[in-house]
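Colleague: I would like a close look at a single part of this model, the sheet and what surrounds it, set out in one connected account. Please add whatever is unusual in the backbone.

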Amino acid sequence: MPIKVTMPALSPTMEEGNLAKWMVKEGDSVAPGDVIAEIETDKATMEVEAVDEGTVAKLVVPEGTEGVKVNALIAVLAEEGEDAGAAAKAAESGSDPAPEPKPTKAEKPAKEEASAAKSEAKPAEAKAAPAGDGERVFASPLARRLAKEAGLDLSAISGSGPKGRIVKADVEAAEKDGGAKTAEAASAAAPAPAQPAMSDDQVMRLFEEGSYELIPHDSMRKTIARRLVEAKSTVPHFYLTLDCEIDALLALRKQLNDAAPKVKTEDGEKPAYRLSVNDMVIKAHAKALAMVPEANVSWTESAMVKHKSADVGVAVSIPGGLITPIIRRADEKTLSAISNEMKDLATRARSRKLKAEEYQGGNTAVSNLGMFGIKDFAAVINPPHATILAVGAGEQRAVVKDGEVKVATVMSVTLSTDHRAVDGALGAELLAAFKQVIENPLTMLI
């Protein structure tokens with residue numbers, strides 16, 4: 001029977017992707033592990049590998065197509081000995097049509113009006129229920145294999161894919177729940193989407209026509225917006241701020257950079273590393289988490305996840321939004337290793353070449369706006385993190401020492417915590433440990 005290849009979910013937040021490039025053509029033979037396409041997500045450009053063996057019978061979605069929904073049919077494979085043409089026809093006859101490319105700015109208003117008229121003319125299509133006895137069950141090849149391995153009955157699983165098609169996530173959910181999850185239970189468990197305070201029409205009526213330009217949201221901006229609403233709606237944020245003197249840190253940074261050995265490159269000799277203040281902040285935050293392990297946690301409804309190492313995400317601004325690549329085991333790495341790894345991650349983040357595992361997960365994060373002259377701010381937690389450290393600019397301020405007014409370079413930092421996991425007292429302990437490391441930077445070298 002024909003094997004359907006669908007748009008994969010390459011991250012937990014992915015809803016759609018752009019099919020940037022096909023790496024195969026119709027008639028090619030593929031095996032599990034072969035790279036068949038490049039997909040652009042809201043975060044990165046990633047290679048997609050085949051999970052089944054067969055011959056490419058049809059490329060349903062042309063390369064360059066934007067806005068392809070997760071689980072939408074993108075290609076058809078024919079099994080060994082199966083006629084490719086017949087396989088393509090059979091697969092398409094029982095599947096969703098290829099998604100249409102996104103409309104241009106000029107086409108969008110007309111298409112939206114037509115869509116609105118169509119939705120008013122007929123009732124919404126109900127989500128397919130699990131198949132009963134004797135009925136055909138629609139499921140992806142991967143979902144079928146996972147269900148077989150887990151000993152689950154596909155006919156008892158509700159599909160969340162197009163037209164009720166069962167996908168990998170449905171099988172995993174059913175296995176986690178100890179059996180098939182009913183459509184009613186899944187619906188009850190899903191949180192209600194947050195409602196905007198004002199509709200688009202209400203907002204637009206406030207501005208004179210012709211006084212603005214409409215810039216459609218891309219997939220990254222939509223994802224960021226949704227994640228921020230979820231974070232602020234579901235995570236009880238708590239904020240703690242203190243000032244750190246960084247004159248000793250700046251002096252150590254200069255000393256270490258001056259002592260950096262030279263290495264030969266194509267452009268001549270260059271220092272083996274060049275530390276930034278942010279590199280030292282990452283190390284200090286990771287070391288503080290190692291000193292206060294009770295704060296190195298993530299919240300779940302059933303248990304507290306206590307991490308064994310400090311994996312620190314670092315907010316990086318990229319065109320259209322931001323991404324948070326992760327320095328794994330930052331508490332165990334040297335400053336030079338952190339610096340070089342951070343430069344590599346930031347460079348690849350800006351060209352959208354990060355792998356999913358390089359920006360997903362992590363225990364905490366650092367967001368530094370000091371280079372923009374921002375004195376202090378409060379950052380939004382990125383679940384499942386329980387903390388994020390917002391770092392302001394180092395600036396010379398008058399401080400009182402031993403009853404005398406002196407000048408010191410001071411940096412304000414604000415720790416946002418998930419109060420369910422890290423309450424005020426624990427957050428204060430973590431921030432005090434961070435201040436201790438920052439103001440005694442030689443401890444980062446131990």
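Modeller: What follows moves from the whole chain to the sheet, then to the core and to some backbone details.

This is a predicted model, and the account should be read with that in mind. The protein has 446 residues, of which 40% are buried, and its secondary structure comes to 11 helices and 20 strands. Among contacts between residues at least 6 apart in sequence, 63% join residues at least 24 apart. The exposed surface amounts to about 24,800 Å², with carbon and sulfur atoms supplying 53% of it.

The sheet you ask about is open and is formed by 6 strands, in the order β9-β20-β19-β18-β14-β17, with mixed pairing. Its edges are β9 (237–245) and β17 (326–327); each of these has a single partner strand, so one side of each is left without a neighbour in the sheet. Helix α11, residues 424–439, packs on this sheet and touches β9, β19 and β20, while its direction makes about 20° with that of β9. Elsewhere in the sheet, strand β14 (residues 312–314) runs parallel to β18 and is joined to it by 3 bridges, and here Val314 has Val366 of β18 as its bridge partner.

The nonpolar packing can be described next. In soluble globular proteins, nonpolar side chains tend to be buried together. In this model the largest nonpolar core holds 87 residues, and those touching the most other members are Ile74, Leu389, Val413, Phe434 and Ile438. If residues up to four places away in sequence are set aside, Phe434 touches Cys244, Val281, Ala284, His285, Ala288, Leu389 and Val413. Apart from this core lies another, of 9 residues, which includes Ala143, Leu154, Ile157 and Val171.

The backbone has some features that deserve a careful check. Most residues other than glycine have a negative phi, and most peptide bonds are trans. Against that background, the peptide bond joining Pro383 and Pro384 is cis, with omega about 15°. Pro384 sits in the loop between β18 (364–368) and β19 (387–401), and its backbone oxygen is reached by the side chain of Ser298 at 2.9 Å. Ser298 itself belongs to strand β12, residues 297–299, and is buried, because its relative accessible area of 4% falls under the 20% limit. Leaving out residues up to four places away in sequence, Ser298 touches Ala303, Met304, Val305, His307 and Pro384.

Two residues other than glycine can then be set side by side for their phi values. Asn71, in the loop between β7 (65–69) and β8 (73–78), has a positive phi of about 80°. Asp402, in the loop between β19 and β20 (404–418), likewise has a positive phi, in this case near 55°. Their surroundings can be stated in terms of accessibility: Asn71 has a relative accessible area of 16% and is therefore buried, being under 20%, whereas Asp402, at 81%, is over 50% and so counts as exposed.

How values were computed. Residues numbered from 1 in each chain as written. Predicted model: local features only at pLDDT ≥ 70, side-chain atom pairs only at ≥ 80, totals over all residues. Heavy atoms only, no water. Helix = DSSP H or I, 4+ residues; strand = E, 2+ residues; numbered from the N terminus. Buried < 20%, exposed > 50% of the residue type's maximum accessible area, 1.4 Å probe, protein only. Pairing = 2+ DSSP bridges. Contact = heavy atoms within 4.5 Å. Axes fitted to C-alpha atoms, helices over the stretch in contact; angles between N-to-C directions. Polar contact = N/O pair within 3.5 Å; in protein donor to acceptor, adjacent residues only side chain to side chain. Core = buried A, V, L, I, M, F, W, Y, C linked by side-chain atoms within 4.5 Å. Areas by Shrake-Rupley, 256 points an atom, 1.4 Å probe, with all protein chains shown as cover.
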